[in-house]
Amino acid sequence: MKSHTEYLKFHTKKRRDYIHITPQVESAVKKSGIEEGLAFVSAMHITAAVYVNDNESGLIHDIDEWLEKLAPFREDYRHHRTGETNGDSHLKSLIVHHEVIVPVTRGKLDFGPWQQVYYAEFDGQRAKRVIIKVMGE
Amino acid sequence: MKSHTEYLKFHTKKRRDYIHITPQVESAVKKSGIEEGLAFVSAMHITAAVYVNDNESGLIHDIDEWLEKLAPFREDYRHHRTGETNGDSHLKSLIVHHEVIVPVTRGKLDFGPWQQVYYAEFDGQRAKRVIIKVMGE
Amino acid sequence: MKSHTEYLKFHTKKRRDYIHITPQVESAVKKSGIEEGLAFVSAMHITAAVYVNDNESGLIHDIDEWLEKLAPFREDYRHHRTGETNGDSHLKSLIVHHEVIVPVTRGKLDFGPWQQVYYAEFDGQRAKRVIIKVMGE
């Protein structure tokens, strides 16, 4: 078994942002030299997420509006008694989930035609990281 | 390390459908000959999901109604400016998540008593696929 | 490739509860002797979840209130025709997701500064289990 680990860094200008990272995942798989296995891709923070969906700006706009409806910013989260103001960011992260596995077959991401990997930032304007760990043979 | 990859095909009659695929996952694990490892099961589409829950028709009815409430069909999704009409299908896929890992111990799915694997179709009546990749020894 | 499997047992006093299990995951990784790999952590039940987020009591209170809003207890779930009363527990489990992967690098959980593993019980007061399977080298 081989494994290869990389870290991506983000520092978004906006509080919420959606960043396409399929090229970085492809690059990590290539560097790993792994032909059959899995690429694990995960936010290393509890106010961000990693998901697989469409690379289409209208849909990303819909996702952002929808998440704000399901897990809205509010002043009165109990979490804010600690001095934080990002209660909604934690809940958005829980809905979208912070990690995905991408299958690797014959050295390539084994994705369907529209699948793309995204980093979703829900509490940006600060340094954040994503871990990519490729395992296989 | 051994690995084994299979693809399942679906073409549902209904737009939304919930299909029990535990037998197919068990069959892939058996074919793999893997005794200790993980079976990765994932939709290859961004308007479908794979989840683990109960094989009970009432619950499946509840899940479908609940998803329609949380991520309703609407005319006015921004995504529809591309000509698509399936904005809700993408959001339903994000809630349920498109992939699961099933643990494999002594050659069997290491599930609790009621866990079953389901393929959830949110934009059917067309050809769709699921990937199963079993890895281990 | 090495693998190591453990089961945690829970029997909560409350119907809903949130239990910090990072120490148990760390202990399983240590016992496995694995330096590079993945730790899979999953509820073995369909009315519970495993997630990664903050170890902060205010946030846990917010998560619980928010889940009750998104997937409320109701008398009239179709699932209840079977005699069950836990329809909401299944839906809460679907939102939060029942499993996570924790990356293992140089023998340690490769987590960001605030990431912690939690077992979320949505239908407690009975015996439940979590599986931890560590794989790698």
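Helix α2 (residues 57–70) of chain B and helix α3 (residues 87–96) of chain C have axes that come within 10 Å and cross at roughly 55 degrees. That makes α2(B) oblique to α3(C). Angles under 35 degrees count as roughly parallel, over 145 as roughly antiparallel, 65 to 115 as roughly perpendicular, and the rest as oblique. The model is predicted: local features need pLDDT of at least 70, side-chain atom pairs count only at pLDDT 80 or more, and totals for chains, interfaces and linings use all residues. Residues are numbered from 1 along each chain as its sequence is written, chains are lettered from A and ligands numbered from 1 in the order written, and side-chain values use heavy atoms, without hydrogens and water.

## Helix packing

Two packed helices are described by the angle between their axes and the distance between the axes. Axes here are lines fitted to C-alpha atoms, for helices over the stretch in contact, and angles run from 0 to 180 degrees between N-to-C directions. Helices (H or I, at least four residues) and strands (E, at least two) are DSSP runs, numbered from the N terminus.

α2(B) passes α3(C) in a right-handed crossing. A crossing is right-handed if the near helix is turned clockwise from the far one by less than a right angle, and left-handed if anticlockwise. On the α2(B) side, B:Leu59, B:Ile63 and B:Trp66 meet C:His90, C:Leu91, C:Leu94 and C:Ile95 of α3(C). By class, this contact has 6 nonpolar, 1 polar and no charged residues. Ala, Val, Leu, Ile, Met, Phe, Trp, Tyr, Cys and Pro count as nonpolar, Asp, Glu, Lys and Arg as charged, and the others, Gly among them, as polar.

Within chain C, α2(C) and α3(C) pack at about 115 degrees, with their axes 10 Å apart. Their crossing is right-handed. C:Trp66, C:Leu67, C:Glu68 and C:Leu70 of α2(C) meet C:Asp88, C:Lys92, C:Ile95 and C:Val96 of α3(C). The classes are 5 nonpolar, no polar and 3 charged.

Chain A has a helix pair of its own. The axes of α2(A) (residues 57–70) and α3(A) come within 10 Å and cross at roughly 115 degrees. α2(A) passes α3(A) in a right-handed crossing. A:Trp66, A:Leu67, A:Glu68 and A:Leu70 of α2(A) make the contact with A:Asp88, A:Lys92, A:Ile95 and A:Val96 of α3(A). By class, there are 5 nonpolar, no polar and 3 charged residues.

## Around α3(C)

Of the 10 residues of α3(C), 10 are buried, so the helix is largely enclosed by the rest of the structure. Buried means under 20% relative accessible area, exposed over 50%, and partly exposed in between (1.4 Å probe, protein chains only). The cover includes α3 (87–96) of chain A, β4 (48–53), α2 and α3 of chain B, and β4 (48–53) and α2 (57–70) of chain C. Just after α3(C), C:His97 takes a positive phi of about 80 degrees.

In chain B, B:His97 sits in the loop between α3 (87–96) and β5. B:His97 is buried, at 5% relative accessible area. Not counting residues up to four places away in sequence, B:His97 touches A:Val96, A:His97, A:Glu99, B:Ala49, B:Val50 and C:His97. Contact means heavy atoms within 4.5 Å.

## B:Thr105

B:Thr105 lies in strand β5 (residues 99–105) of chain B. B:Thr105 is buried, with a relative accessible area of 9%. Leaving aside neighbours within four places in sequence, B:Thr105 contacts B:Glu35, B:Glu36, B:Asp110, C:Thr5, C:Tyr7, C:Ile131 and C:Lys133. The side chains of B:Thr105 and C:Lys133 are joined by a polar contact of 2.8 Å. A polar contact is a pair of N or O atoms within 3.5 Å; within protein, one must be able to donate a hydrogen and the other to accept it, and residues adjacent in sequence count only if both atoms are side-chain atoms.

## Loop residues

Most residues other than glycine have a negative phi. A:Arg106 has a positive phi of about 50 degrees although it is not a glycine. For C:Gln125, also not a glycine, phi is near 65 degrees.

| Residue | Loop | Relative accessibility |
|---|---|---|
| A:Arg106 | β5 (99–105) to β6 (108–109), chain A | 65%, exposed |
| C:Gln125 | β7 (116–121) to β8 (128–136), chain C | 47%, partly exposed |
| C:Ala127 | β7 to β8, chain C | 60%, exposed |

C:Ala127 is in contact with C:Phe10, C:His11 and C:His45, leaving aside neighbours within four places in sequence.
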